[in-house]
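Here's a quick tour of one protein chain, from its overall build down to the space inside. Have a look at the model first, then read on.

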Amino acid sequence: MPDTTKYRALLATVLEEEGLTLHGLTPFAPLEDHLLPCRAASRLPEKPCAAVMILFPYRFPEQGQRNLSRYACVPDYHEAAGTVLEHTARRLGQELPGFSFVPFIDNSPLPEVEAAARAGLGVIGDNGLLIHPLYGSYVFIGEIVTDLPLDPVGREPEGCLHCGRCARACPGDCLTSPGGDRTHCLSALSQKKGELTPQEERLLLEGGLVWGCDRCQEVCPLNAETRCAPHPCFGGRYRPVLTREDLEDLEGKAYGWRGRKVPERNLRLFEEGNHVSQ
């Protein structure tokens with residue numbers, strides 16, 4: 001029988017040394033029926049045993065104006081957090097030869113929110129976000145899937161308080177039914193290609209942000225006392241206001257994946273409306 005206690009201890013040591021203190025384990029089996037169709041699924045180990053779920057807090061102490069969703073104020077987490085996960089996975093492979101350690105972040109076949117909840121890292125909000133006890137929903141989720149026999153217990157995902165505040169506060173009325181109709185989600189609208197309809201423009205202006213939306217997070221009582229301690233992978237960099245000058249260099253920005261046209265369109269809309277969120 002493999003010494004799972006030894007494996008788990010070594011895994012925890014490596015994660016702590018790499019600064020990945022917010023982590024938990026979930027068995028892979030309960031996730032198999034919920035895997036998402038994506039090309040990255042081909043990277044999974046042949047016989048995955050467990051998913052090491054890892055959180056990256058991103059909320060900074062706020063001062064002054066902000067016209068970006070909080071997640072977009074820090075460097076693109078796909079690169080910042082992804083680099084840390086890749087390095088950690090390589091080190092685990094060196095420490096535990098013969099086993100596979102495959103990192104994923106966002107572009108993942110795993111239902112990451114469910115997996116993180118099963119790993120004991122928080123509850124699932126009615127807005128679909130993971131809510132950690134200390135950092136709230138202001139966290140990015142990454143994982144390392146392994147065939148290392150860790151024998152994790154896992155748990156059933158828990159729900160939030162179901163107080164209804166996020167549904168009542170949603171500008172696009174996206175959370176009033178189970179599963180939610182995300183047609184008018186402001187975050188999705190701010191990333192939509194092409195021209196917006198007059199109704200979509202109005203919603204975006206009323207939301208007050210040129211990229212993303214934080215409304216459902218801001219009203220959540222479980223976010224009321226969240227810590228502002230972003231993960232070191234973001235290097236202390238925080239740019240809360242998007243300007244036209246920022247469009248000249250989109251590398252490493254959360255909104256850069258859409259190219260220049262979409263954020264430029266949104267900026268133009270707000271310039272015409274003379275509106276900047278406080």
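Half the story is in the interior: of the 278 residues in the protein chain, 50% count as buried. Keep in mind that this is a predicted model. As for the outside, the accessible surface of the chain comes to about 13,800 Å², and carbon and sulfur atoms account for 49% of that.

On to the fold. The chain has eight helices and six strands, and their order along the sequence reads α-β-β-α-β-α-β-β-β-α-α-α-α-α. With a radius of gyration of 20 Å, close to the 19 Å that the globule rule gives for 278 residues, the chain is therefore as compact as a globular protein of that length. Contacts tell us about long-range links too: among those between residues at least 6 apart in sequence, 79% join residues at least 24 apart.

Here are the whole-chain numbers side by side.

| Property of the protein chain | Value |
|---|---|
| Radius of gyration | 20 Å |
| C-alpha box along the principal axes | roughly 65 × 40 × 35 Å |
| Accessible surface | about 13,800 Å² |

Now for the space inside. How many cavities of 30 Å³ or more does the count come to? Just one. The largest cavity has a volume of about 100 Å³. It is lined by 14 residues, and those closest to its centre are Asp126, Cys160, Cys163, Cys166 and Cys220. Sorted by class, the lining of this cavity has nine nonpolar, four polar and one charged residues.

Conventions: Residues are numbered from 1 along each chain as its sequence is written. This is a predicted model: local features need pLDDT of at least 70, side-chain atom pairs count only at pLDDT 80 or more; totals for chains, interfaces and linings use all residues. Side-chain values use heavy atoms; hydrogens and water are left out. On a 1 Å grid over the protein atoms alone, a cavity is a set of points where a 1.4 Å probe fits but cannot get out, and a pocket is an open set with protein on both sides within 12 Å along at least five of seven lines; lining residues have an atom within 4 Å of a point. Grid points are joined across faces, edges and corners, and a volume is the space filled by probe spheres set on the points. Ala, Val, Leu, Ile, Met, Phe, Trp, Tyr, Cys and Pro count as nonpolar, Asp, Glu, Lys and Arg as charged, and the others, Gly among them, as polar. Helices (H or I, at least four residues) and strands (E, at least two) are DSSP runs, numbered from the N terminus. The radius of gyration is taken over C-alpha atoms; the globule rule is 2.2 Å times the number of residues to the power 0.38. Buried means under 20% relative accessible area, exposed over 50%, partly exposed in between (1.4 Å probe, protein chains only). Contact means heavy atoms within 4.5 Å. Accessible areas come from the Shrake-Rupley method with a 1.4 Å probe; for residues, only the protein chains shown count as cover.
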